[in-house]
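Here is an informal walk through one chain, sheet by sheet and loop by loop. Have the structure open as you read.

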Amino acid sequence: MILTLITIIFGCSLSFLSFQVQANTCNTYNHPQYGTGQCIDRNLCPNSLYLSGLCELQPSNIVCCFSVEPMKEEFRAIWIATVTNIDWPSSKTATPAEQQSELLNILNKVEELNMNAVIFQIRPASDAFYSSSLEPWSFYLTGTQGVAPSPFWDPLAFIINEAHKRNIEVHAWLNPYRARTGGATYELAPTNMAKRFPEYAYPYANNIWMDPGAAVVQQFTVNVTADIVSRYAVDGIHIDDYFYPYSDGTEFPDAATYATYQAQGGKLNKADWRRLNVNNLIQSMYTTMHAIRPKVKFGVSPFGIWKSGTPAGITGLSSYDSLYADSRMWLEQGLVDYMAPQLYWAIDPPAQSYPVLLKWWIEQSTKGRHVYAGNAAYKMAQGAVQWQANEIVRQVNITRSMRDRLALGNIYFSTKEIMRNVKGIQEELAKLYKQKAIIPKMNWL
Ligand SMILES: *[C@@H]1O[C@H](CO)[C@@H](O)[C@H](O)[C@H]1NC(C)=O
Ligand SMILES: *[C@@H]1O[C@H](CO)[C@@H](O)[C@H](O)[C@H]1NC(C)=O
């Protein structure tokens, strides 16, 4: 979309520019991406965008320069979590008009802060925040799974339309295998995965979790992805850290599917087989969605530690061993267009040091895929030691110090801390994001 805009500006007929000249000078023309420019020698505007018609009373070497340096390209996003109504809608019993107005408030704030993307959770638990023939409307939208909003509206269509008006990208965020989340007791609709494939739906850690080793379940999740990409103008598809569930101390009850795999000649041990199942999902989602719309981006935001002990000095839960997510491999092999590791730790404590982990992640991107850091805005509002906003500012500065090595932006979890302006974070973000930035280009798409 943004590329299109630039193409339009550069490629458009002179009549478009002369129209602008009649109405604007360089100092008054408000470029939709870069704000107002200044009339300077074109040699002083080397890497920036310039429009020639807007300084026509000046010598011919003087152009209207829109300085897009130093932050020419930067991904600046928030996660909008809908599960358990974390960020939106604040209430599942609010009217559609109220829910829409809340969503517009979020988009207006994103625009005002010069941010450029939202990661919108549309399938938190085998349910839908969009009109679907495959899965039921979400309990978190209407209060009853399977019941459509009344009066009818489609939140995904709505947010895409409103976000694109504001030059904001929408990445649709899906949870692949969760059928009902921790402790919820609401009734599942017949099209929920747990009802479609009851033999592969397990109560686990208070959730209902689908078996990632069941081919039919995996294919269904891929089909849901394909359906979304076919029908909605999303800019990206996004999945987070949930593959196999976080352990509750008991064994995940997939002995039967593993036995089937072995009976068919499978030789991998159980842990490697589970990783293979997750790898297959990633590969299949990537291939399928790009076959439908090649330019839609695929992003994953895994738990921020791949393996405890890697790199040296880092300790914590291993995504590789506990969630069976070989996230490093996806980045190395280019099975994602961007990786957004959840680096939800502070800079200074060494055990999960933000800069050490970020540096490690960018070093794994041997195919040049982008890395956008996930930043824990929620830690300004939760926990024993609440962060000051300064921690976030320093983290963005550190990210920017690695921008030459593919650290190309930040995603904040989650929206509500930004909207509530916890610790004055809005003022800090406004200082960090003084100018608009374009979304980093992905030349391989
Ligand atoms: C996935 O979609 C294909 C093509 O429409 C269909 O043949 C297949 O049955 C679907 N699989 C599942 C598990 O729904
Ligand atoms: C972040 O970087 C900016 C620009 O380099 C600098 O002015 C600011 O002091 C830095 N803030 C922190 C908290 O490091």
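## The open sheet

Start with the open sheet, where 3 strands line up in the order β1-β3-β2 with antiparallel pairing. The edges belong to β1 (38-41) and β2 (49-51); each has a single partner strand, so one side of each is left without a neighbour in the sheet. From one strand to the next, the twist averages 50°. Keep in mind throughout that this is a predicted model.

Zoom in on the pairing of β1 with β3 (residues 62-66): the two run antiparallel and are joined by 4 bridges. Which residue of β3 is the bridge partner of Q38? That would be C65.

## The barrel

Now for the other sheet. Here 8 strands close into a barrel, and the pairing is parallel. Going round, the order is β4-β5-β6-β10-β11-β12-β13-β14.

One of the pairings to look at is β10 (residues 236-239) with β11 (residues 297-300), a parallel match over 4 bridges. Within that pair, G236 sits opposite K297 of β11.

On to a helix that packs on some of these strands. Helix α12 (residues 354-364) lies across β12 (338-339), β13 (370-375) and β14 (407-412). Its direction makes an angle of about 155° with β13.

## The annotated span

What does the record say? An unreviewed UniProt entry carries the annotation "domain: Glycosyl hydrolase-like" over residues 74-383. In the model, that span is 35% helix and 15% strand, and its end C-alpha atoms are 30 Å apart.

## The chain as a whole

Stepping back, the chain holds 15 helices and 14 strands. Its C-alpha trace spans about 80 × 55 × 45 Å along the principal axes.

How does the radius of gyration of the chain, 23 Å, fit with a compact globule? With 445 residues, such a globule would come out near 22 Å, so the value for the chain agrees.

## Backbone oddities

A few backbone spots deserve a click. Most residues other than glycine have a negative phi, and most peptide bonds are trans. With that in mind, look at the bond from S150 to P151: it is cis, with omega near -5°. P151 belongs to the loop between α4 (139-142) and α5 (155-165).

Another cis peptide bond runs from F413 to S414, with omega near 0°. Where is S414? Look in the loop that links β14 to α14 (415-419).

Then there is N85, which is not a glycine yet has a positive phi, near 55°. You'll find N85 in the loop between β4 (75-80) and α3 (96-112).

## Around the ligands

Two ligand sites round things off. Around ligand 1 you'll see V216, Q219, F220 and N223. By class, the ligand 1 shell has 2 nonpolar and 2 polar residues, with no charged ones.

Around ligand 2, the residues are N390, V393, R394 and N397. How many charged residues does the shell around ligand 2 have? The count is 1, alongside 1 nonpolar and 2 polar residues.

Notes. Residues numbered from 1 in each chain as written. Chains lettered and ligands numbered in written order. Predicted model: local features only at pLDDT ≥ 70, side-chain atom pairs only at ≥ 80, totals over all residues. Near = placed C-beta within 6 Å. Nonpolar A, V, L, I, M, F, W, Y, C, P; charged D, E, K, R; others polar. UniProt positions renumbered as here; feature names shortened; annotations may be inferred. Pairing = 2+ DSSP bridges. Contact = placed C-beta atoms within 7 Å. Axes fitted to C-alpha atoms, helices over the stretch in contact; angles between N-to-C directions. Rg over C-alpha atoms; globule rule 2.2 N^0.38 Å.
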